[in-house]
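This report takes up a single protein chain, its fold and its charged side chains. Please look through the sequence and the structure before reading on.

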Amino acid sequence: MGSATIATMRRVARRRFAIAFASALLAWLGSAAAYDYHIFGEGVQLACWQQDATSLACDFRRFAATSSEQVTARLAGRELPAPRITPYAAQPGSSAVMFLVDASRAELTGSARQHVTGLLDASPADQHYGLASFDREMEMLAPIAPGAERVRNALAGLTPADGAAQLYRSALEAVRLLGHYPAQRRALVLMSDGVANDSAYFHDDVVDAARQYEVAIFAVGYLETPDRSAPLERLRRLAEETGGLYVTVEPGAELADDFAARVFAQLASGGRLQVDLSAVLRDPAGLGPEAILELRWRGAVGSASAHVPLRLDAFAGGHAPAVQAAPAAQTGRATAAQGQGWLGRNLLWVSIGAALLIAATVLTWLVRRRSGAAQPESNWAETVELGARPFAYLEVQDELRARHPISGETFRIGRHADNELMVADPSISRFHAEIRHDMSNRYVIRDLDSLNGVYVNGRKARSAILGNGDLVELGDVTLKFTLLAARDRAGIEGGDGTVTPFRPSDRKRGLGRQ
C-alpha cells in the first residue's frame, strides 16, 4: 500500500471522526434542550424545566389576576404534594409595554392619543414603555425605554396617514420587537378599529408569535357605529388567545378607569411553582419514559389548567444532569444579565458544550486544511481571475430582469431608503437582508431578523454563502445572484436601486410558521 493511499485513508478517518464527534455533541445538546417546556394552557402560560430527577419548576402567568388560589398537581392519575408557590414580585424595569396605534384614520389617532396619555398616568412609572403607529407599515415613534416621558413627547408626532391598515403585519413586527426586549413580562397594547387590509398575514400568525415570545396583547377596540362591530372581533380574539384583555370604547369617550390597573395586575400575576415528583417516582408502576403532569389552578376569579410533558427516562438510575437551579428568591423570568429560559438555568452545561463544539470545529478545520489542496474549487470560483476582484449583481426574476450591482463590502436590501437596494414591496422588511463581501472574495447573505425570512435555492437560511446562479427569495421577491470575473463587467448595467416585483411568489410565509 503506497504512502499516498495511507495518507488518504488517514484524512478520511480524521474527517469521519470529526463529523461523528460533532453529530454526537449536537445530539447531546438537543436532548438537553428537550427538558425546557413552554406551555400555553387554559388560562395560564408557563415556562417549565426539570431541575433534577424529582423536581420540576415553572414560571407562570395567570390570565386573571388573583391574590390567592390553590394549585394541585397529578401525575399518572396520582395526586402529588401541593406545589410550593413563590408569588411574582414586579421590580423596576421588569415589564415592557408597547402602545401600537392604528393611524389609518384621523378619528382613531385623536382618541388613541388621549387614551395613551390616560394609561400612562395610571401606569407604574418605573416600567419600560414604547410607542408605534401603523397604517401600511409600522413606524416606531418612541423605542422601548425606561419611563414614560419619551412616549409622552412622541405623542405629538402621532398623526393620521389615511392609508390601508396592515393590522396583522404591524402586530407581528411589534410582537417581535417586544420579544427581543430584555424584560420579564411583555405587553402589546393594540389600539384599532379592527379593520385589517392584510393579504399575506393572518390571525394565527400573530397569535403564534405572541405565544412564542410570551407577549400578552391588550386590545382597545374603537366602535364608531353598531354596524361596524364585526372587525372588533379580530381584536377580541387576539387578546383572548394571548392571555390579554379586550375593551370596547367609542371614539372620544374615556377608557374605563380600571383598565390600566387591570393590565398591570394581570402582567404581575402568577409566580414560580415547584413540584415534588419523588412521591410518585418511589413507586414508578404504570409510569413510562414519558409522562404528563397535570396542573390545575382554582381561585375566586376562575380556574386554569395546563399539561406539562416530562422525560423521566432522562434521569434513569438517579443520575440527573448538573442543572444550575434558579435561586428561590427570583420570582419572574430571568433578567437579561442572568439569561432567560433554558440557557440561564443550564449555563454550566452550555459552557462545556460550547467548549467541546469549539474543539470539534478546530479539529474539522485542521482536517480540511490538510486535505484542502485536493479539493476542487466551487463552481463560481472558476469564473474569477486570480488576483482580480469579482463583480456580482442581483437580477430580479420578473419580466423586466433588472440588474443591480452589489457595491461595497456591505450591501443591504429592504424597503427603507437607507438600503443600498431599496425594494418597494410590502412583503419585504424595512431592513430585510445584507450581503457582505469578505476577505476571501466570498459573498455571504445574512437575514436581518426579517419577518418573511431569507430563502436560498428554496431553503431558509439565517446566513449562507452565495454561489453563481443561486436564487434568493426575500418575501415575494426572487433575485438571481450572478458572480463574474472583473474582465466580464462589460455589458452589465445596474438598475436604479429600486425594485418593483412583477410576479409575486405563491408561497405564504409568516412569523410563527418557521
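The sections below cover the chain as a whole, one of its sheets, a buried aspartate and the salt bridges.

## The chain as a whole

The model is predicted, not experimental. Its chain has 514 residues, of which 46% count as buried. The secondary structure comes to 10 helices and 27 strands.

Contacts can also be sorted by their separation along the sequence. Among those between residues at least 6 apart, 68% join residues at least 24 apart.

## A sheet of 6 strands

One sheet in the model is open and has 6 strands, in the order β9-β8-β7-β10-β11-β12. The pairing in this sheet is mixed. Strands β9 (138–146) and β12 (246–249) stand at the edges; each has a single partner strand, so one side of each lacks a neighbour in the sheet. Neighbouring strands are turned by 15° against each other on average, with direction ignored.

In general, the strands of a sheet pair through backbone hydrogen bonds, in either a parallel or an antiparallel way. Strand β8 (residues 128–134) and strand β9 run antiparallel and are joined by 5 bridges. A132 has M140 in β9 as its bridge partner.

## Helices across the sheet

Two helices can be placed against these strands. Helix α4 (residues 167–179) lies across β7 (95–102), β8, β9, β10 (185–192) and β11 (215–222). The helix runs at about 160° to β10.

Helix α6 (residues 232–240) lies across β10, β11 and β12. Its direction is at about 155° to β11.

## D102, a buried aspartate

D102 lies in strand β7. Which side chain of opposite charge is nearest to D102, and how far away is it? It is R105, at 6.6 Å. D102 is buried yet has no salt bridge; a salt bridge needs a nitrogen and a carboxyl oxygen within 4 Å, so a separation of 6.6 Å does not qualify.

The side chain of D102 does make a polar contact of 2.7 Å with the side chain of S104. Leaving aside neighbours within four places in sequence, D102 is in contact with L108, T109, F134, A165, M191, S192 and D193.

## Salt bridges

Side chains of opposite charge can pair when their charged atoms come close. The structure holds 18 salt bridges. One of them joins E294 and R296, with the closest N and O atoms 2.7 Å apart. R296 has a relative accessibility of 33% and therefore counts as partly exposed.

R462 takes part in a salt bridge with D447, at 3.6 Å from N to O. R462 lies in the loop between β23 (459–460) and β24 (463–465), while D447 is in strand β21 (residues 443–447), so this pair ties together parts that are 15 residues apart in sequence. D447 has a relative accessible area of 4% and is therefore buried.

R462 also forms a salt bridge with D449, at 3.0 Å from N to O. D449 is in the loop between β21 and β22 (454–456), and the two residues are 13 apart. With a relative accessible area of 41%, D449 is partly exposed. Elsewhere, R105, E107 and D193 are joined into one network by salt bridges that share partners.

Conventions: Residues are numbered from 1 along each chain as its sequence is written. This is a predicted model: local features need pLDDT of at least 70, side-chain atom pairs count only at pLDDT 80 or more; totals for chains, interfaces and linings use all residues. Side-chain values use heavy atoms; hydrogens and water are left out. Buried means under 20% relative accessible area, exposed over 50%, partly exposed in between (1.4 Å probe, protein chains only). Helices (H or I, at least four residues) and strands (E, at least two) are DSSP runs, numbered from the N terminus. Two strands pair if DSSP finds at least two bridges between them. Axes are lines fitted to C-alpha atoms, for helices over the stretch in contact, and angles run from 0 to 180 degrees between N-to-C directions. Contact means heavy atoms within 4.5 Å. Lys and Arg count as positive and Asp and Glu as negative; His and the chain ends are not counted. A polar contact is a pair of N or O atoms within 3.5 Å; within protein, one must be able to donate a hydrogen and the other to accept it, and residues adjacent in sequence count only if both atoms are side-chain atoms.
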